[in-house]
Structures are given as structure tokens and as C-alpha cells.
Amino acid sequence: MSSHFHRSLSRRGFLVASAGAGAALAPAPVPARATGRQRPFGRYGSPAARLNPKTLYVDPHGRGDHTSVREAVAAAGGTSQAFSTGGGSGWTLVIAPGTYRETVAVDATRTEATWIGASEDPRDVVIVYDNAAGTPKPGGGTYGTTGSATTTVRADGFTAHRITFANDFLRADHPDITGTQAVAIKVQGDRSAFHHCRFLGCQDTLYADSNSASLVARQFFSHCYVEGDVDFVFGRATAVFEHCHFRTLNRTDASGAPYGFVFAPSTERANPHGYLVTRGHVSSEAPDGYYKLARPWVPTSSTTVRPMLTVRNTWLGPGIDAVAPYANMRDAHPWQDQRFAEYRNTGPGAVVTVPENRPQLTDEQARSATRATWLGDWRPPGAC
């Protein structure tokens, strides 16, 4: 979250708005510009004028079919709805402006789902909660990293437009919790697409993963904004980030550099395509050089992981350590043995001063480092 939050205060009833997107702490009520008392769903119809029989409307003020996203997900395909056509596939949720403080899970049966933020601004539609890996669970134990996710998507064919997915857990508010991973969204399904969405958190914000080590999950993020500090884009998905903005946060709890890492891929060795970042932008609230671009995540239980990350044609700000932009998570798996590469990046964080620390693609290799190669026969809906 933004540095505005690095103080102890209750954030129930508040949403996190990114400092990098030009906003500060904002109250939870629906923003005035998007209230639309008669048309909370904008150009996307209403319960009285549905886009189609498989469209549900969510509004915290009771003007839709449901007041929470979780309720709408449960109802999609449910037999209790008079307007339900049955089946868990192909449902659309139109979500009115508001802050939805809840956890939401889209199970594997609810395929081809689409979520639409009814406002044109993703800051207006926020799904947020504050579980961390070390947060105690009712009945005992803790949530763990996966369980901390505010939103979890296991279904294939998921698409989201103009929504903020957030986890507003802060270390300063919970000094008793040592497991501070706090996921805003975990995406596991194949053919998952996010357009003009925001992902807000601190550690482990965006978990771009798959449903199992043997399954490849292709994911596409277009014109999105992601912020965090430690490993805040991580997982084993085959993911393309196109025209995305990544912002590293300042930290008052860390004694010195590095504050964290933007990417922590954990690509399976058999998968030729991990994370591809193209035409992106990496900025920072932290002092110059206090962040690494990436480190490889090789889970202790795995012998089949060889992380892959390609960053190309992307502006890297001064927050990135240009001399040594990569680091090890564990010395047993040095980053040099993984599949990290760059190509024609610009900005102060992209200056090559120690060539062996900045592996570069050749022009020939770069010709195949593209969205089409990574995503294969899948053309993401809404992609240009």
C-alpha cells in the first residue's frame, strides 16, 4: 500500500488508493463522481434491463441483485435464482462503485466468468480484505500465503475489467504476526485476462499461478497497475504483462536495501514461458537503488522449477538497483542458473554497468519473446 498507511490506524471503512496513480487515502463510500443514483451500473444495464440472462448486478446499496461480490459468485448458476439459466459457466458480474470488504473465491466450475467494474475508473470498485499468511484462523492455525488471498480465481476463462483487487494488511498494525505475505488476488486458471485493473498490497500482492505444477495457466494483464514491496508479482503462471505499471513502496520497517523485489517467478522447468513484461513502467516511492527487479522462487519442496522472467522495452526507474538488479532467494538456486533476461529496456534502472549482472536477449531471441508466443492459440478478450 501507499506510504500514507505506514502508521497504526484501523483501515476498516477505508480503501487503499495508489499514490502512484495520483490518489491518497479515500473513504469507503461510493465516490461522488460515480454514484449515479439512477444508474449505478452505467452503460451495463440493470436488474430491470439485463445485458443477458446470465448477467448479475452487484451494488452495496441494494440496487442490484446482490450487495456483495461473494453472494453474486455463489448465485451464478445457482438454481435458487428465478432468472438463473443454470450452469456455472459464462456468467457476468457488473459491479457498481463501492468498497467490498470481503474475501471471494471463484471455484474451478465457474468457467468463462467476466467481472466488470461499472465505473470507467478502477479506483471506484474495490474488493479488499486484510488477511495475512500469519493471521490466525477461526478454529486454529493460520491462513498461509494462499489462504490470505482476498480474491482467488481457480476457474479457466476469467476476465476482469476496471476493478481494484487489494489486501490492506500492514505489518505496522500487526507486530505480533510474522507471516506477512498478504495476497490481493491469486489467479490459477488458464486464459485469465485483466484489463485496466489495479492490484494493491505489500508482500505477495499478485499471485499469478496455476492450479497445479503439471498445468500451464496462461494469463494476460493489460494496462494494469501493481504495487507492493516483497515479491509482489510471483508464481508459476505463463503471464504476459503489457503496458503495466509496477510501483515499489517505501518502507519504514526495513533497516536498509534491498527493500524488496518486484518479481519472483517460479516457472516449472518444463514450461518454456514464464513471465513476460513488455512496454511497461517500473517506478518507486523508495530511495534510489533500494529494490531488485527480481529473484527466483524455487519452493523448498520442488525439484522441477526453473524460474523464467523476460523484461523488454520497459522503463526502469531509479528505484531499481542497476548494478545488481537480481538476487537469490536461496543460495542453492542462484539467479544465474535461472531464465532471466532483458531487452532494450530504458531508464536509470536499466543502465548496464556490470554486463554479467544484466543478461540480454539477442535480436533473434527477442523476435520470439512476444505475447503471441507466450499465449499460443489464445487471444485474450479485449486485447488489441
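Tyr207 is buried, and Phe234 is buried as well; buried stands for a relative accessible area under 20%, exposed for over 50%, and partly exposed for values in between, with a 1.4 Å probe and protein chains only. The model is a predicted one, in which local features need pLDDT of at least 70 and side-chain atom pairs count only at pLDDT 80 or more, while totals for chains, interfaces and linings use all residues. Residues are numbered from 1 along each chain as its sequence is written, and side-chain values use heavy atoms, with hydrogens and water left out.

The protein chain as a whole can be described next. Its secondary structure comes to four helices and 27 strands; these are DSSP runs numbered from the N terminus, with H or I over at least four residues for a helix and E over at least two for a strand. Of the 384 residues in the protein chain, 57% are buried. The accessible surface comes to about 14900 Å², and carbon and sulfur atoms hold 51% of it; the areas come from the Shrake-Rupley method with a 1.4 Å probe, and for residues only the protein chains shown count as cover. Among contacts in the protein chain with a separation of 6 or more, 71% are between residues 24 or more positions apart, a contact being heavy atoms within 4.5 Å.

One sheet can be followed strand by strand. Eight strands form an open sheet with parallel pairing, in the order S5-S8-S11-S14-S17-S20-S23-S26. Its edge strands are S5 (98-101) and S26, each of which pairs on one side only. Two strands are taken to pair if DSSP finds at least two bridges between them. Strands of a sheet pair through backbone hydrogen bonds, either parallel or antiparallel. Strand S17 (residues 225-228) pairs with S20 in the parallel sense over four bridges, and Val226 has Phe246 in S20 as its bridge partner. Strand S20 (residues 245-248) in turn pairs with strand S23 (residues 281-284), again parallel and over four bridges; here His245 is matched with His281 in S23. From S23, two bridges lead to strand S26 (residues 315-316), and these two strands run parallel. Val282 stands opposite Leu316 in S26.

The aromatic rings come next. Rings of Phe, Tyr and Trp (its six-membered ring) pair if their centres lie within 6.5 Å; planes under 30 degrees apart count as stacked, over 60 as edge-to-face, and the rest as tilted. By this rule there are 21 aromatic pairs. Phe194 and Phe199 are an edge-to-face pair because their planes stand at 70°, with the ring centres 5.6 Å apart. Phe194 counts as buried because its relative accessibility is 0%, and Phe199 is buried with a relative accessible area of 0%. Tyr207 and Phe234 form a stacked pair, 4.0 Å centre to centre with 20° between the planes. Tyr207 lies in strand S15 (residues 206-208) and Phe234 in strand S18 (residues 233-235), so this pair ties together parts 27 residues apart in sequence. Ring pairs also link a cluster that includes Trp115, Phe158, Phe194, Phe199, Phe246 and Tyr275.

Further along the chain, Tyr343 is found in strand S27 and is buried because its relative accessibility is 8%. Not counting residues up to four places away in sequence, Tyr343 touches Val311, Arg312, Asn313, Gln360, Leu361, Thr362, Asp363 and Ala366. With Asp363 there is a side-chain polar contact of 2.8 Å; a polar contact is a pair of N or O atoms within 3.5 Å, where within protein one must be able to donate a hydrogen and the other to accept it, and residues adjacent in sequence count only if both atoms are side-chain atoms. Tyr343 and Thr278 are 65 residues apart in sequence and 9.4 Å apart in space, C-alpha to C-alpha.

Arg358 sits in the loop between strand S27 (339-343) and helix H3 (363-366). Is this arginine, Arg358, buried or exposed? Arg358 is buried, because its relative accessible area is 2%. Its side chain reaches the backbone oxygen of Gly349 at 3.1 Å. Leaving aside neighbours within four places in sequence, the residues in contact with Arg358 include Leu316, Glu342, Gly349 and Val352.

Gly64 is in the loop between strand S3 (55-58) and helix H1 (69-75). With a relative accessible area of 22%, Gly64 is partly exposed. Beyond four places in sequence, Gly64 touches Phe41, Pro47, Tyr57 and Asp59.
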